[in-house]
Amino acid sequence: MLELIDVSTYYGNIQALKGISLHVEAGEVVTLIGSNGAGKSTTLRTIQGLLRPRQGRILFEGRDLQTVPTEEIVRLGIAQSPEGRMIFPRMTVLENLEMGAFQRRDKPAVIKADMDQVFDRFPRLRERMTQKGGTLSGGEQQMLAIGRALMARPRLLLLDEPSMGLAPMLVSQIFSIIQEISAEGMTILLVEQNARMALTVANRGYVLQTGEIVLAGDAKDLQVNETVRKAYLGEE
Amino acid sequence: MKPWQKTVLYIVVIYFIFLLGPTAGLDIPRIVQAIAQSPSLLVTQLLVGLINGAIIAIIALGYTLVYGIIELINFAHGDLYMLGGFAALTVMGAFGMQDGAPFISAIIPMLAALLVSAGLCAGLNVLTERYAYRPLRNAPRLAPLISAIGVSFIFQNLGLFWGGLRSFIPIMGNTAAAPKSFPDLLPRTDIFQALGIQTKIDFTVKDLVVLVVAAGLMIGLNLFVQRTPAGKAMRAVAQNRDAAKIVGINVDQIIVLTFLIGGALAGAAGLLVGLYNNTIVFTMGFTAGLRAFTAAVLGGIGNITGAMLGGVLIGLLSALSDQYLSSRWTDAWVFAVLVLILVFRPSGLLGENLQEKV
């Protein structure tokens, strides 16, 4: 479904991604783990077209995304819950979700039904429907960011550090929701620092280190891999 | 603010009010007496301030919209409004309008002038964005600012040139740089008198028309921004540009739309001021622009309601100062109040703290 071939992305003269290649197949949950500054978010931003690779190709269902503008990439079916959540702080929860469906040309009733689905998934958001996004707690903002991405009806969902800054209870709640979404058939590319949680929900994983993929494999294998256990699972 | 800074500030304020104040017209017993003598004059003056303020507010919206989206102070905006006035006057000339033409016969020319001046200013603003600001989008922030000042001078000279086209546009009069008289088309029928209400308050049909049009534009803009998808997209881009891209908003399109709307409002304001004050001049964009920019900052730049509030406030202050303080000191008073408000509320009256939760 999605394929990155030897992608290099730069911030000015600093090379953030050093020729990474990865692929995500339909229906899979693939996780990209790595420490701070490894290039995980850069990878997602590059896929979304917010950053352009200097080298390499990004193919989505066979189509090269190199010159496709971000709004068109969204329309093709890639939506993202970005790093730092990036909800619209002075818009209500309802408006934030509406914005998620911005590029859709569906009838209002169809969009309304999807919104109800999001509210069923995140009952807290329904309670806070008319509240401004900026007044929500961190966990609620994360739910809103995921809900907003779902409103685009994507075929590939990019999740950037959904567990960041959340209490352990909320983290497991968010992860069980990710599992739910995946069980309904969504393809997910999940970026996480919390490798333990990420590997339990993922089918496959890639380990990113200073802009390079150093390990790849089935999530089960990565969970027992010596290097991963030491570096990312905090085990001796 | 530290306590000693506050003390110094209070001393400065008190000094201004009690020692410099009287020189600048702040003679409190005289003002109290004047108001007691003729309360209706106060109301009349407030109405004048309200109308002038509404026009300032419409120009201020152009500053605040653009700032909200791309954080640029578009210094050419005031001069754009001036060109709107010139476009309106040209249309009036083309229709052969003169002072005191019957109101009915002036309706179509006025609507045409509104269309032409709003359309011209919207187009010019979009072109300016495309060729003067967009290439500098990723440059240091001072670069587009200087570019905007440059565009401001270009517009001003364009206005001067336009004013000198007397052989094509006789209504421009003989001297390019001189103030042009704008035909007085709105009836000065006193509304209260016509209704048979005995009062000394002056409120004419002319005042009402300008006020209604200005208020209509502001309400329309508010509805547009709050209710329509394009308006919501504008707010989204203003609040978080990357997030706007992620949900599939074409940010460039929204920026163009913002300049289009801001420009159209400036054009409409140019027509309104011509109809209301009956005189336009090529330098009026600078002073009006300064006041409108001030209004936008006063209300909290980037905040639409704030720009409206700031505009009306400055209009009211100016009108009161003109009547009760000293018209020569009006600008000083207006800006003194601005300084005071900003010292206590640096983000403006309705400006928000831009801190967001991580």
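# Salt bridges and contacts, with the reasons

Guide: Welcome! In this predicted model, the side chains of A:Glu95 and B:Arg235 meet in a salt bridge, 3.0 Å from N to O.

Visitor: What makes the meeting of A:Glu95 and B:Arg235 a salt bridge?

Guide: A salt bridge is a side-chain nitrogen of Lys or Arg within 4 Å of a carboxyl oxygen of Asp or Glu. This pair has an Arg and a Glu at 3.0 Å, so the rule is met. Side chains of opposite charge can pair when their charged atoms come close. Across the interface of chain B and chain A the rule finds three salt bridges, and the search of the whole structure gives 26 over all chains.

Visitor: Good to know. What are the ground rules for the numbering and for the model?

Guide: Residues are numbered from 1 along each chain as its sequence is written, while chains are lettered from A and ligands numbered from 1 in the order in which they are written. Local features need pLDDT of at least 70 and side-chain atom pairs count only at pLDDT 80 or more, whereas totals for chains, interfaces and linings use all residues; side-chain values use heavy atoms, with hydrogens and water left out.

Visitor: Which residues does the contact between chain B and chain A take, and how much area is buried?

Guide: The contact (heavy atoms within 4.5 Å) takes 22 residues from chain B and 26 residues from chain A. About 2200 Å² is buried between the two chains, and carbon and sulfur atoms give 59% of that. Buried area here is the accessible area (1.4 Å probe) that two parts lose on being put together, summed over both.

Visitor: Now to single residues. Why is A:Arg121 called buried, partly exposed or exposed?

Guide: Buried means under 20% relative accessible area, exposed over 50%, and partly exposed in between (1.4 Å probe, protein chains only). A:Arg121 has 17%, so A:Arg121 is buried.

Visitor: How do you know that A:Glu180 and A:Glu184 each form a salt bridge with A:Arg121?

Guide: For A:Glu184 and A:Arg121, the closest N and O atoms are 2.9 Å apart. A:Glu184 lies in the loop between helix 7 and strand 8 (187–192) of chain A and A:Arg121 in helix 4, so the pair ties together parts 63 residues apart in sequence. Helices (H or I, at least four residues) and strands (E, at least two) are DSSP runs, numbered from the N terminus. For A:Glu180 and A:Arg121, the closest N and O atoms are 3.6 Å apart. That pair joins helix 7 (residues 168–183) to helix 4 (residues 108–121) of chain A, 59 residues apart. Both distances, 3.6 Å and 2.9 Å, fall within the cut-off, so each pair earns the name.

Visitor: What are the exposure classes of A:Glu180 and A:Glu184?

Guide: A:Glu180 has a relative accessible area of 39%, so A:Glu180 is partly exposed. A:Glu184 has 55%, so A:Glu184 is exposed.

Visitor: What makes A:Arg57 and A:Asp64 a salt bridge, and how exposed are they?

Guide: Their side chains meet at 3.4 Å, N to O, so the pair satisfies the definition. A:Arg57 is partly exposed at 42%, and A:Asp64 is partly exposed at 28%.

Visitor: Where is A:Gln193 found, and which residues does A:Gln193 touch?

Guide: A:Gln193 is in the loop between strand 8 and helix 8 (195–201) of chain A. Not counting residues up to four places away in sequence, A:Gln193 touches A:Gly34, A:Asn36, A:Lys40 and A:Glu161. The C-alpha atoms of A:Gln193 and A:Gly34 are separated by 5.9 Å, though the two residues are 159 residues apart along the chain.
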